[in-house]
Amino acid sequence: HGTGPLASQVPDQLGSDGEGAQQVWAASTRSRVVLLERLRAHTSRHEGSVVATSFFFELPVDTERYGDYEARVSSPPICLRDIGDKLYAGRYRTPESVDSDLRRVFQNCRDYNPEGSVVREFGDSLARELRVRHAEASKGRVTRVDALCPGSTPIAYQQRQEGYAGA
């Protein structure tokens, strides 16, 4: 099987017919990279400014600051950075497991943040964006990764990670 963050290892359930299984797995992984990057690039208008909707969800919740967080959410915490790390490292076994983690981010947001809060509003907005992107993909409206999200290449991802380390 191939190597690299998008090729990953072809999961056993896809079989081992060589290139065919690898291409299917790589294509489905790339589609989740596009999805993640679309969510990261999504913006909303707040108090007269356009802001990155994903801001609150990029890094792990500070559970020392929000001590009741883990008790109030329905599933283990996860953030977009962790999903990206797992995705680029090839640690997801199926595209559906990526989708499940993305939904978990927004469900935890709904569990913890009261209706009307900006965090809840942004989480709901991203959850809607996730549903829209899934609907488009199911209708066959899939665009090339580099045309859709220029920042979704492994090199751009690495540069973004280095930016986090410097902050």
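**Exercise 1. Is S44 buried or exposed, and what is its relative accessible area?** Work it out, then find where S44 sits and what surrounds it.

*Solution.* A quick note before we start: the model you're looking at is predicted.

- Step 1: Locate the residue. S44 belongs to strand β1, which covers residues 43-46.
- Step 2: Check the accessibility. The relative accessible area of S44 is 13%. Buried means under 20%, so S44 counts as buried.
- Step 3: Look for a polar partner. The S44 side chain makes a polar contact with the side chain of T53, at 2.8 Å.
- Step 4: List the neighbours. If you skip residues within four places in sequence, S44 touches S49, V50, V51, T53, F122 and S125. T53 thus turns up here and in the polar contact too.

**Exercise 2. Take E47 and say where it lies, whether it is buried or exposed, and what sign its phi has.**

*Solution.*

- Step 1: Find the spot. E47 is in the loop between β1 and β2.
- Step 2: Read off the accessibility. E47 has 74% relative accessibility. The cut-off for exposed is over 50%, so E47 counts as exposed.
- Step 3: Check the backbone. Phi of E47 is near 50 degrees, which is a positive value in a residue other than glycine.

**Exercise 3. Pick out the salt bridge between R32 and D99, and explain which parts of the chain the pair ties together.**

*Solution.*

- Step 1: Recall the idea. Side chains of opposite charge can pair when their charged atoms come close.
- Step 2: Check the distance. The R32 and D99 side chains meet with N to O at 2.8 Å.
- Step 3: Place both ends. R32 is in helix α1 (residues 19-41) and D99 is in helix α4, so the pair ties together parts that are 67 residues apart in sequence.
- Step 4: See how covered they are. R32 is buried at 14% relative accessible area, and D99 is buried too, at 5%.

**Exercise 4. Now do the salt bridges of E58 with R40 and of D101 with K86.** How many salt bridges are there in total?

*Solution.*

- Step 1: Start with E58 and R40. Their closest N and O atoms are 2.8 Å apart. E58 lies in the loop between β2 (49-52) and α2 (69-72), while R40 is in helix α1, so the bridge joins parts 18 residues apart in sequence. Both residues are buried.
- Step 2: Widen the view. E37, R40 and E58 are linked in a network of salt bridges.
- Step 3: Turn to D101 and K86. Here the closest N and O atoms are 3.2 Å apart. D101 is in helix α4 and K86 in helix α3 (residues 80-88), so this pair ties together parts 15 residues apart in sequence.
- Step 4: Compare the two ends. D101 is buried at 7% relative accessibility, whereas K86 is partly exposed at 23%.
- Step 5: Give the total. The count comes to 11 salt bridges.

**Exercise 5. Describe the largest pocket: how much space does it hold, and what lines it?**

*Solution.*

- Step 1: Think about the method. Rolling a probe the size of a water molecule over the atoms shows where empty space is left.
- Step 2: Give the volume. The largest pocket holds about 560 Å³ of space.
- Step 3: Count the lining. There are 22 lining residues, and F56, L59, P60, V61 and Y66 lie nearest the centre.
- Step 4: Find the main contributor. Helix α4 (residues 95-112) gives the most to the lining, with 5 residues.
- Step 5: Sort by character. The lining divides into 15 nonpolar, 2 polar and 5 charged residues.

Note on methods. Residues numbered from 1 in each chain as written. Predicted model: local features only at pLDDT ≥ 70, side-chain atom pairs only at ≥ 80, totals over all residues. Heavy atoms only, no water. 1 Å grid on protein atoms, 1.4 Å probe; cavity = no way out; pocket = protein on both sides within 12 Å on 5 of 7 lines; lining within 4 Å. Points joined across faces, edges and corners; volume = space filled by probe spheres on them. Helix = DSSP H or I, 4+ residues; strand = E, 2+ residues; numbered from the N terminus. Nonpolar A, V, L, I, M, F, W, Y, C, P; charged D, E, K, R; others polar. Salt bridge = Lys/Arg side-chain N within 4 Å of Asp/Glu carboxyl O. Buried < 20%, exposed > 50% of the residue type's maximum accessible area, 1.4 Å probe, protein only. Polar contact = N/O pair within 3.5 Å; in protein donor to acceptor, adjacent residues only side chain to side chain. Contact = heavy atoms within 4.5 Å.
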